[in-house]
Amino acid sequence: MEQIAYVPSVPIPASDGEVRPNVVYVVVPNPMGTSLHVPFAAFDEWFLRDRYGEALRIVNTLGASSIECKTSRDSRRRSGVTATVKGIGATLRRNRHQTSMFDYSHVGTGSQPRDPRPLKWPDEPGFGAAVSSVLDNKATAVTINISSTSRHSVNGSLGKKLAGMGFELGISSESSDAVSLHMVAKFPERSRWR
């Protein structure tokens, strides 16, 4: 963890606009451009969405004739307050559970495969393999699965340490998320592209 001085006259790009004081950010290096600052509390969702976009870019650049995507998300938020006065206590709790799904499909004729490198996430399992499978081995179908689970709590040791330093994590009491992406891309047979 590194604390960087905040200079308001020099805007620093962030995933949600510009960097704000007293918010914890994850600095994401970008091999294709400037590093981006993502709020700590939003990092997992942002990271999954960015990998999803990169997977779509890769299979489209490789000339996919059809793409089927299915995503699902399960999100839980809990917060609560406990108060005790003269030995009598009361607790107020709030729970929120949200489930969402997103489907995307594309069917076309496909195109001549082009090399999508450099890859934004070269260490993401499946991305480099998809490129090699289509360009080198003439694959006609590629499947990519991405999943992420995360849990944050302001009561955790990192949350308490950062709050003591005056930082804000951007989360209430406790949150957990489970997100998955399943993508199947089909490519025309290479013999059609001479």
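## A tour from the whole chain to one cavity

Among contacts in the protein chain between residues at least 6 apart in sequence, 67% join residues at least 24 apart. The model is predicted, and the tour starts with the full chain.

**Whole chain.** Colour by secondary structure. The protein chain has 3 helices and 8 strands. Followed from the N terminus, the elements come in the order β-β-β-β-α-β-β-α-β-α-β. Next, switch on the surface. About 12,200 Å² of the protein chain is exposed, with 52% of that area supplied by carbon and sulfur atoms. Buried residues make up 31% of the 194 in the protein chain.

**Strand β5.** Select residues 66-85, which form strand β5. Then narrow the selection to Ser66, a residue of this strand. Is Ser66 buried or exposed? Ser66 counts as buried because its relative accessibility is 15%, under the 20% cut-off. Now show the neighbours of Ser66. Leaving aside residues up to four places away in sequence, Ser66 touches His106 and Val107, and also Val184, Ala185 and Lys186.

**The cavity.** Hide the surface and turn to the interior space. The structure holds 1 cavity of 30 Å³ or more. The largest cavity contains about 50 Å³ of space. Which residues are the closest to the centre of the largest cavity? Select Pro113, Val134, Phe187, Pro188 and Arg190, which are the closest to its centre among the 11 lining residues. Colour the lining by residue class to finish: 7 residues of the lining are nonpolar, 2 are polar and 2 are charged.

How values were computed:
Residues are numbered from 1 along each chain as its sequence is written. This is a predicted model: local features need pLDDT of at least 70, side-chain atom pairs count only at pLDDT 80 or more; totals for chains, interfaces and linings use all residues. Side-chain values use heavy atoms; hydrogens and water are left out. Helices (H or I, at least four residues) and strands (E, at least two) are DSSP runs, numbered from the N terminus. Buried means under 20% relative accessible area, exposed over 50%, partly exposed in between (1.4 Å probe, protein chains only). Contact means heavy atoms within 4.5 Å. Accessible areas come from the Shrake-Rupley method with a 1.4 Å probe; for residues, only the protein chains shown count as cover. On a 1 Å grid over the protein atoms alone, a cavity is a set of points where a 1.4 Å probe fits but cannot get out, and a pocket is an open set with protein on both sides within 12 Å along at least five of seven lines; lining residues have an atom within 4 Å of a point. Grid points are joined across faces, edges and corners, and a volume is the space filled by probe spheres set on the points. Ala, Val, Leu, Ile, Met, Phe, Trp, Tyr, Cys and Pro count as nonpolar, Asp, Glu, Lys and Arg as charged, and the others, Gly among them, as polar.
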